[in-house]
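Biologist: Before any label is accepted, I should like to hear the reasoning that supports it. Please take the terms in turn and set each against its cut-off.

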There are 2 protein chains.
Amino acid sequence: MVPENILNAYQASVEKYKKDEVIFEENDNAHHYFQIHQGQVKMNNYNENGKEFIQGIFYAGDSFGEPPLFADIKYPAAAVALEDSLIYKLSKPKLINLLEEQPKVHFHITERLSKRLFYKSLMASEISSEEPEHRIVSLLHFLKKHVHHLKDHEEFEVDLKRQQIADLTGLRVETVIRACKNLEKKNKIRIIKRKIFF
Amino acid sequence: MVPENILNAYQASVEKYKKDEVIFEENDNAHHYFQIHQGQVKMNNYNENGKEFIQGIFYAGDSFGEPPLFADIKYPAAAVALEDSLIYKLSKPKLINLLEEQPKVHFHITERLSKRLFYKSLMASEISSEEPEHRIVSLLHFLKKHVHHLKDHEEFEVDLKRQQIADLTGLRVETVIRACKNLEKKNKIRIIKRKIFF
DNA sequence: AATTCAACTTGACTGAAATCATAAACTAAA
DNA sequence: TTTAGTTTATGATTTCAGTCAAGTTGAATT
């Protein structure tokens, strides 16, 4: 996350995206750094059968889609606004220039990439080897600890639809529903008015 | 990848690890930067039932296990030498100092993290939504393009055992064997003396 | 209050990969 | 050239998440 005054100093623009508007597509070349001022963004893929996989969901303050700015690769997934959003946009050359001049900001970006990698490692091993209930609990635990910055014993309301949980964990929505009911029975989560608390 | 003369200038040590020796464990705190001088290293997890998942395999010149040096997280996986190896080891404070003084090296690290993230994004969507054959082809394609730096039409010998392919793609070894036989029938890979060519 | 629409739910059935068991092929060492 | 150990291979069976088809619930809009 680059401080907004610095983004402004380097002439970042602020772009409006409507809910469901595509910010970039899978396999596009990257030309800009993106950081959310207001709103929510998901990065996702669709396979041949139309099944969605959500690589991540990003919130105000988060940057997304940085890797192709730093390595010779294309976007591995698309980015789509989940709600009407305001997003800082800074051209690649200006970003590189910024990072050269502001080493501290470069370390912030490095930290951000590291955390994304941590999440990916976690979910990779979960998706590859664990049962539905375990995958879901791991996702919720990650959200509690690393997104909401809460302790284990603190409870939070999960701001995800069943379908989104499915698309983040590689499951189907019916499986998520059934697994969540089981987790409720086992007192691992609470469900109040269909909302999940963990 | 940090140039070796720079590593030496910052007093990195070179450590010997025997085949199968553990370099660090899952959930350990990170204190050092690691870069392979000679040999091979894998990072992996085991689930409760003993099933292995390989997060990645690293070769001479590669660094590994950087993220917990930059973010407040533990190692998401263990690191194990796949053969007798010589590995540069640099303490975290010295690394940070190095990156502050050598911005170009910092950009190398950023590039490296970005490429890892790309691989992870790719495999995540594959593992979550694709059939065995598709997963295997995607892995091989990644290896051809991003590890061996070959064009699509160029062929290379895959230096992975069936079990390793299974552990990288979240499949079981029997499934990999059967999928590979199918891929051979479809002329998508060649198998000569049990070695896979792609 | 009626209508619409998205999100969630449930039950029945299916199928593909996991599992299990066993063996063949290869490799390296004694 | 045996032997021991690893890797690859194959068939039979099982299992559990996926699929399909139908609801229900609840919130928003007319």
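Biologist: What makes the approach of the side chain of A:Glu174 to a base nitrogen of DNA strand D a polar contact?

Modeller: This is a predicted model, and the values are computed from it. An N or O atom in the side chain of A:Glu174 is 3.2 Å from a base nitrogen of DNA strand D. The cut-off for a pair of N or O atoms is 3.5 Å, so the pair is a polar contact. A polar side-chain atom of B:Arg178 lies 3.1 Å from a base nitrogen of that strand, and a polar backbone atom of B:Arg162 is 3.0 Å from a phosphate oxygen. Two or more residues each of the surface near DNA strand D come from helix H7 (173-185) of chain A and from helix H6 (162-169) and helix H7 (173-185) of chain B. H7(B) gives the largest share, four residues.

Biologist: How many residues surround DNA strand D, and which are the closest?

Modeller: There are 16 residues around the strand, the closest being A:Arg172, A:Thr175, A:Arg178, B:Lys161 and B:Lys181. Of the strand's atoms that come within 4 Å of the protein, 73% belong to sugar and phosphate. By residue class, the surface near DNA strand D divides into ten charged, three polar and three nonpolar.

Biologist: Why is the pairing of A:Arg112 with A:Glu66 called a salt bridge?

Modeller: The N to O value for the two side chains is 4.0 Å. The rule asks for a side-chain nitrogen of Lys or Arg within 4 Å of a carboxyl oxygen of Asp or Glu, and therefore the pair is listed as a salt bridge. Side chains of opposite charge can pair when their charged atoms come close. A:Asp62, A:Glu66 and A:Arg112 are linked in a network of salt bridges.

Biologist: Are A:Arg112 and A:Glu66 buried or exposed?

Modeller: Buried means under 20% relative accessible area. A:Arg112 has 16% and is therefore buried; A:Glu66 has 4% and is therefore buried.

Biologist: What makes B:Glu155 and B:Arg190 a salt bridge, and which class of accessibility applies to each?

Modeller: Their side chains meet at 2.9 Å, N to O, and the cut-off is 4 Å, so the term applies. The pair links distant parts of the chain, 35 residues apart: B:Glu155 is in the loop between helix H5 (132-147) and H6 of chain B, and B:Arg190 is in strand S9 (residues 190-192) of chain B. Partly exposed covers values between 20% and 50%. B:Glu155, at 40%, is therefore partly exposed, and B:Arg190, at 44%, is therefore partly exposed.

Biologist: How many salt bridges are found across the interface of chain A and chain B?

Modeller: The rule finds zero there, whereas a search of the whole structure finds 14 over all chains. Between chain A and chain B there are seven residue pairs in polar contact, both residues at pLDDT 80 or more.

Biologist: What area is buried between chain A and chain B, and how many residues does each chain bring to the contact?

Modeller: About 3400 Å² is buried, with 71% of that area given by carbon and sulfur atoms. The contact takes 36 residues from chain A and 36 residues from chain B.

Notes: Residues are numbered from 1 along each chain as its sequence is written. Chains are lettered from A and ligands numbered from 1 in the order in which they are written. This is a predicted model: local features need pLDDT of at least 70, side-chain atom pairs count only at pLDDT 80 or more; totals for chains, interfaces and linings use all residues. Side-chain values use heavy atoms; hydrogens and water are left out. A residue is near a molecule or strand if one of its heavy atoms lies within 4 Å of it. A polar contact is a pair of N or O atoms within 3.5 Å; within protein, one must be able to donate a hydrogen and the other to accept it, and residues adjacent in sequence count only if both atoms are side-chain atoms. Ala, Val, Leu, Ile, Met, Phe, Trp, Tyr, Cys and Pro count as nonpolar, Asp, Glu, Lys and Arg as charged, and the others, Gly among them, as polar. Contact means heavy atoms within 4.5 Å. Buried area is the accessible area (1.4 Å probe) that two parts lose on being put together, summed over both. Buried means under 20% relative accessible area, exposed over 50%, partly exposed in between (1.4 Å probe, protein chains only).
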